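Trainee: Before I rely on any label attached to this structure, I would like to see how each one is earned. Could we go through them together?

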Amino acid sequence: MSMKRITRLRRSLEELFPERHLYVRSGGEMRAYVLTTPKQILGAGALAAAALWMGISTAAMMVGAMEMSASDQEIARTEAKYERWIADRQARLNSAVAQLNATNGSIDDLALSVERRHAALAMLLSDYRDTPGAAEALSPEIQQAAADPSITDPVRRVELVRASQERLLDSADNFAKGRAERLRMAFRLAGLSPNGYAPRSGALGGPLIEARDPKALAAVLDVDEDFAARIQHAATNLSEARALGSAAEKLPLAKPISGGRQTSGFGVRFDPFTKRPAFHSGLDFGGPFMTPILATGPGVISFAGVRSGYGKTVEIDHGQGFKTRYAHMQAIAVKPGQRVAVGQRVGGMGSTGRSTGVHLHYEVWVNGRAQNPSRFVKAGEYVQQAAD
């Protein structure tokens, strides 16, 4: 039965690619070339393979361009939103100063208002104390919060202090909101929803965001309602930035090697052994023999040994469904059950297993599914920018 099928297939191919004769005349001489059926089949196969490769390459370039375009648009929208927000804050500051200038109240009342605002700001800034980058961002405004001693008019001195307090509050809110926005963008770059990692209660913000009603917060702080609402807004933004930053520290967002270069990407590629298209479930990084391989996030070693095809392999469980895999290693420096920190050495680069040369094969898994590790590496770079 199988021989009949082979015979029919052979006849079909001979009918589709019959033997052809090609005659070329040059310099008065006639040359004849015979294009047999096997040669024609081989040529058609080569053309089909080239077309497939061009299709795969074009699709990969289009996907990359679409990802970059979406990120650029998100950044442009964020910048435009910041500009509108700053303009609104400046208008409110000018209005507050104008109202203060028109006030006929006593200097004692003005001074008391400044003291109460100062106490509210001190409570807010205490939450910024351990936030990366906060000291550098707010130091200029803090230094200018005191009135110029050369000004002798007491009303004018109070006006300047109140204006400095407004600018300091704006700077604090701007810093917290900007940090939260960059962290949300980092989570989106990694393909994760930032809403799943944002705070669901006011636990991180203390009393400043536990009082949902601005009137109630104004009564607690003994300041005007508008100032209390702005204090609460800045505390809420800081609370979200802290929660997202804390969550990002637990995710595998770092690079698995220091320096080095990426030699192969995630997705369909031609297998170096079979020379056929195959799915590549991670990233490959090249480097010298025994280059240190680093944990991309904190976690517990769930596997350290030899896996079929992967050679010497280390796997880290980062919790919440995240796992990373480091393969083709020459040496393993950790043991199962061991807890590791981000950046800790887990082994040395080699070429064990199904490998054509010294390199690291790096994978990221989320809830049992392989993800594109380059998205997590880019997200880690964005998180680092948010901390600077």
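Mentor: We will take the labels in turn and set each value against its definition.

Trainee: How do you know how far to trust the coordinates?

Mentor: This is a predicted model, in which local features need pLDDT of at least 70 and side-chain atom pairs count only at pLDDT 80 or more, whereas totals for chains, interfaces and linings use all residues. Residues are numbered from 1 along each chain as its sequence is written, and side-chain values use heavy atoms, with hydrogens and water left out. The pLDDT is the predictor's confidence in each residue, from 0 to 100; its mean over the protein chain is 75, and 62% of the residues reach 70 or more.

Trainee: Which elements of the protein chain have the lowest and the highest mean pLDDT?

Mentor: Helix 6 (residues 207-210) has the lowest, at 51, and strand 11 (residues 339-340) the highest, at 96. Helices (H or I, at least four residues) and strands (E, at least two) are DSSP runs, numbered from the N terminus.

Trainee: Why is His361 called buried or exposed, whichever applies?

Mentor: Buried means under 20% relative accessible area, exposed over 50%, and partly exposed in between, with a 1.4 Å probe and protein chains only. His361 has a relative accessible area of 5%, so it is buried. Thr236, found in helix 8 (residues 225-249), has 35% relative accessibility and therefore counts as partly exposed.

Trainee: What makes the approach between the side chains of His361 and Glu363 a polar contact?

Mentor: A polar contact is a pair of N or O atoms within 3.5 Å; within protein, one must be able to donate a hydrogen and the other to accept it, and residues adjacent in sequence count only if both atoms are side-chain atoms. The two side chains make their contact at 2.6 Å, and His361 itself is found in strand 13.

Trainee: How do you know which strands pair with strand 13 (residues 359-366)?

Mentor: Two strands pair if DSSP finds at least two bridges between them. Strand 6 (residues 283-286) is joined to strand 13 by 4 bridges in the antiparallel sense, with Asp284 as the bridge partner of His361 and Gly286 as that of His359. Strand 10 (residues 322-332) also runs antiparallel to strand 13, over 6 bridges. Strand 14 (residues 369-371) is joined to strand 13 by 3 bridges, again antiparallel, and there Trp365 has Ala370 as its bridge partner. Strands 13 and 14 form a hairpin with 2 residues between them, and Asn367 in the turn has a positive phi of about 55 degrees. As for burial, 7 of the 8 residues of strand 13 are buried, which leaves the strand mostly covered.

Trainee: What makes strand 12 (residues 345-349) largely enclosed?

Mentor: Of its 5 residues, 4 are buried, so the rest of the structure largely encloses strand 12. Strand 7 (residues 292-294) pairs with strand 12 in the antiparallel sense over 3 bridges, and strand 10 does so over 3 bridges as well. Gly347 in strand 12 is the bridge partner of Ile293 and also stands opposite Ile332.

Trainee: How many aromatic pairs are there, and why does each get its name?

Mentor: The structure holds 2 aromatic pairs. Rings of Phe, Tyr and Trp (its six-membered ring) pair if their centres lie within 6.5 Å; planes under 30 degrees apart count as stacked, over 60 as edge-to-face and the rest as tilted. The rings of Phe322 and Phe376 have centres 6.3 Å apart and planes at 75 degrees, so this pair is edge-to-face. Phe322 lies in strand 10 and Phe376 in helix 9 (residues 373-387), so the pair ties together parts 54 residues apart in sequence. The rings of Tyr326 and Tyr362 have centres 5.4 Å apart and planes at 40 degrees, so that pair is tilted. Tyr326 in strand 10 and Tyr362 in strand 13 are 36 residues apart, and both are buried.

Trainee: What makes Arg307 count as a charge over the ring of Phe303?

Mentor: A charge sits over a ring if NZ of Lys or CZ of Arg is within 6 Å of the ring centre and within 35 degrees of the ring normal. The charged end of Arg307 is 3.9 Å from the centre of the Phe303 ring, while Arg325 lies over the face of Tyr310 at 4.7 Å from the ring centre.
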